[in-house]
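User: I am new to this structure. Could you teach me how to read it, feature by feature?

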Amino acid sequence: MTVATSRHSAPAPAEPAGVDNRLVVGGAALTWRSLPTPTLPDPAAVLAHSAVHALTAARQHAVHGTELLLSTASRVDAALRTELLEAGFTVGVLDDDGVHPGAPARPRAAEPGRLWLLTSGSTGRPKRVGHTLDTLTTVRVDQPGRTWLCPYAPGTYAWWQVVTLSLTQPDQHLVVVEPDELDDWPGVAAAHGVDAASGTPTFWRRTLYRDAEALARVPLRQITLGGEPVDQAILDQLREVFPAARVSWIYASSEVGASIVVHDGRAGFPVDWLDRDTPGRPTLSVVDDELVVTSPFHGAGLAGPVRTGDRVQVLDGRVLITGRLDSDEINVGGSKVSAGMVRGVLAGHPAVAWARVTGRRAPVLGRMVVAEVVLAPAASGVPDEAALVRWCADRLPEHAVPRRIRVLTDIPVKETLKSDV
Amino acid sequence: MNELSRAQIRDLMAQVLKNQDKELPGDDAAQLREIGFRSLDFSELALRVEDETGEELNFDAPGLRRIATVGDVLDFLVELQHQ
């Protein structure tokens with residue numbers, strides 16, 4: 001019997017540059033190199049049982065280039081699972097014993113190097129967007145050594161941003177908090193020397209609200225916000241706690257990658273960044289109040305201008321991203337109100353820790369602006385509804401003033417660390 | 001069904017105006033234009049009625065009408081609760 005053998009031996013698996021970076025997961029100190037090495041099906045939709053299993057799958061992908069969609073069981077319902085099996089994925093939970101596979105309904109050849117992200121689904125059902133480790137890696141220049149907090153759900157765009165940074169750059173360590181540790185993350189972070197953290201504005205607001213003193217004990221030098229509209233109030237509050245840290249906000253999505261990075265501590269970005277054509281960098285435009293991004297970091301099949309669905313407003317030389325186009329605009333008797341702008345004003349009240357602004361059905365005007373707020377725990381002289389309404393009335397056109405403001409007792413948050421504000 | 005009386009709605013209307021440092025006159029015939037009660041205020045009042053009763057008002061039910069006085073507002077909202 002003859003056996004055909006390849007004349008070329010298979011290339012040695014590539015070793016990511018960050019393979020010796022430290023990983024702290026559930027309090028245990030590991031490195032990328034020390035993670036287990038299960039064989040992943042190819043293509044696979046891996047539902048990570050825990051944070052360490054998610055990191056394991058990411059490392060295996062980086063080394064072997066197997067086609068991978070990484071998520072958690074809670075984000076993949078029965079319908080999505082069927083959809084993935086139909087699309088040729090082996091779907092399985094990855095735990096300490098390896099992958100427990102569900103065989104694909106239509107087996108197909110794998111696409112080497114392909115990574116799939118599920119968009120967060122705030123606009124409907126989760127959607128698959130194709131990337132590679134390369135298109136997900138947006139930080140390429142040498143970075144100062146950092147220990148990063150990773151508070152995100154495995155497989156989301158934000159999670160991959162922190163994970164690729166640590167996998168591909170030396171001296172970028174990770175401290176991963178599991179969902180059940182999330183409320184106590186400052187304690188974990190301080191214990192392990194976290195000096196850089198990335199989170200949604202809701203994540204930061206919740207942390208400031210729950211225990212600002214514990215937060216202040218984390219030796220942060222880099223603070224990053226993204227995933228939701230970033231308003232001036234949250235930037236100022238973080239600056240107050242960490243006067244020496246760099247406070248940055250990032251506009252990024254599965255579709256267009258990380259497209260806007262702002263380090264000057266102000267909400268929005270300078271208006272002269274619009275329509276600027278720089279090779280290798282995203283081009284930002286505004287069409288009918290919508291942010292349009294042409295990005296080299298786009299997902300597969302999304303070359304060219306991408307309508308982001310995010311609403312922008314130009315104010316005082318800054319382009320502010322105020323919210324989703326389909327939910328940010330409230331029509332009050334023919335006058336357009338941006339929920340994000342109103343939210344920014346409410347969040348600017350010293351006693352307000354968090355705010356959500358929506359339109360509510362009303363007679364005569366069709367809709368009326370209403371709000372929910374969470375008050376800061378240490379607020380001296382707790383404002384009542386009338387005081388908050390007056391604060392807004394002093395700063396907003398009359399039709400934009402929320403007339404009903406409900407006080408909630410805790411900041412609502414979802415697995416994506418967003419509030420859907 | 002929870003229902004607010006005309007007097008209770010009047011109290012809510014006074015609250016809406018008071019929050020703007022305005023006063024609601026006792027006379028039902030007072031002109032809304034003169035006391036500075038406008039469509040935004042009317043909408044707020046309707047939301048307050050909804051919040052008090054926990055019931056949604058059916059704003060589309062009654063036909064268009066002229067609402068010019070305090071009494072018109074109160075009549076309209078009392079009637080809306082029956083739709």
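Analyst: We will go from the overall build of chain A to single residues, then to chain B and the contact between the chains. One point first: this is a predicted model.

User: How many helices and strands does chain A have?

Analyst: Start with a count of the elements. Chain A has ten helices and 24 strands.

User: Which radius of gyration does chain A have, and what should I compare it with?

Analyst: Compare it with the value for a compact globule. For 421 residues that value is near 22 Å, and chain A has 23 Å, so the two agree. Add the box as a second view. Along the principal axes, the C-alpha atoms of chain A fill roughly 90 × 45 × 45 Å.

User: What share of chain A is buried?

Analyst: Burial is read by counting neighbours around each residue. Of the 421 residues in chain A, 46% are buried.

User: And what do contacts tell me about sequence separation?

Analyst: Take contacts between residues at least 6 apart in sequence, then ask what part of them reaches further. In chain A, 62% of these contacts join residues at least 24 apart.

User: Which residues does a cis peptide bond join in chain A?

Analyst: Look at omega, the angle about the peptide bond. Between Asp42(A) and Pro43(A) omega is about 0°, and the bond is cis. Then place the residue in the fold. Pro43(A) sits in the loop that runs between β2 (28-31) and β3 (44-48) of chain A.

User: Where is Asp171(A) found, and what is its phi?

Analyst: Phi is a backbone angle, and here its sign is the point. Asp171(A) is not a glycine, yet its phi is positive, about 65°. The loop between α4 (157-168) and β10 (172-176) of chain A holds Asp171(A). Asp171(A) counts as partly exposed because it has 16 C-beta neighbours inside 10 Å.

User: Is Asp288(A) buried or exposed?

Analyst: Use the neighbour count again. Asp288(A) has 8 C-beta neighbours inside 10 Å, so it counts as exposed. The cut-off for exposed is 12 or fewer. Asp288(A) also has a positive phi, about 50°, although it is not a glycine. Its loop lies between β16 (283-287) and β17 (290-294) of chain A.

User: Now chain B. At what angle do helix α1 and helix α4 of chain B pack?

Analyst: For a helix pair, read the angle, the distance and the hand. Helix α1 (residues 6-18) and helix α4 (residues 70-80) of chain B pack at about 120°, with axes 10 Å apart. That angle makes α1(B) oblique to α4(B). Their crossing is right-handed. From α1(B), the contact uses Arg6(B), Ile9(B), Arg10(B) and Met13(B); from α4(B), Val73(B), Leu74(B), Leu77(B) and Val78(B). By type, the residues of this contact are six nonpolar, no polar and two charged.

User: How do α1(B) and α3(B) cross?

Analyst: Follow the same steps. The axes of α1(B) and helix α3 (residues 39-53) of chain B come within 10 Å and cross at roughly 130°. That makes α1(B) oblique to α3(B). The crossing of α1(B) and α3(B) is right-handed. Ile9(B), Leu12(B), Met13(B) and Val16(B) of α1(B) meet residues of α3(B), including Leu45(B) and Val49(B). The contact of α1(B) with α3(B) divides into six nonpolar, no polar and four charged residues.

User: How many residues does each chain give to the contact between chains?

Analyst: Count each side on its own, then sort by type. Chain B gives ten residues and chain A gives 13 residues. The chain B side that touches chain A has five nonpolar, three polar and two charged residues.

Terms used:
Residues numbered from 1 in each chain as written. Chains lettered and ligands numbered in written order. Predicted model: local features only at pLDDT ≥ 70, side-chain atom pairs only at ≥ 80, totals over all residues. Helix = DSSP H or I, 4+ residues; strand = E, 2+ residues; numbered from the N terminus. Rg over C-alpha atoms; globule rule 2.2 N^0.38 Å. Buried ≥ 20, exposed ≤ 12 C-beta atoms within 10 Å, placed from the backbone. Contact = placed C-beta atoms within 7 Å. Axes fitted to C-alpha atoms, helices over the stretch in contact; angles between N-to-C directions. Parallel < 35°, antiparallel > 145°, perpendicular 65-115°, else oblique. Left-handed = near helix turned anticlockwise from the far one by under 90°. Nonpolar A, V, L, I, M, F, W, Y, C, P; charged D, E, K, R; others polar.
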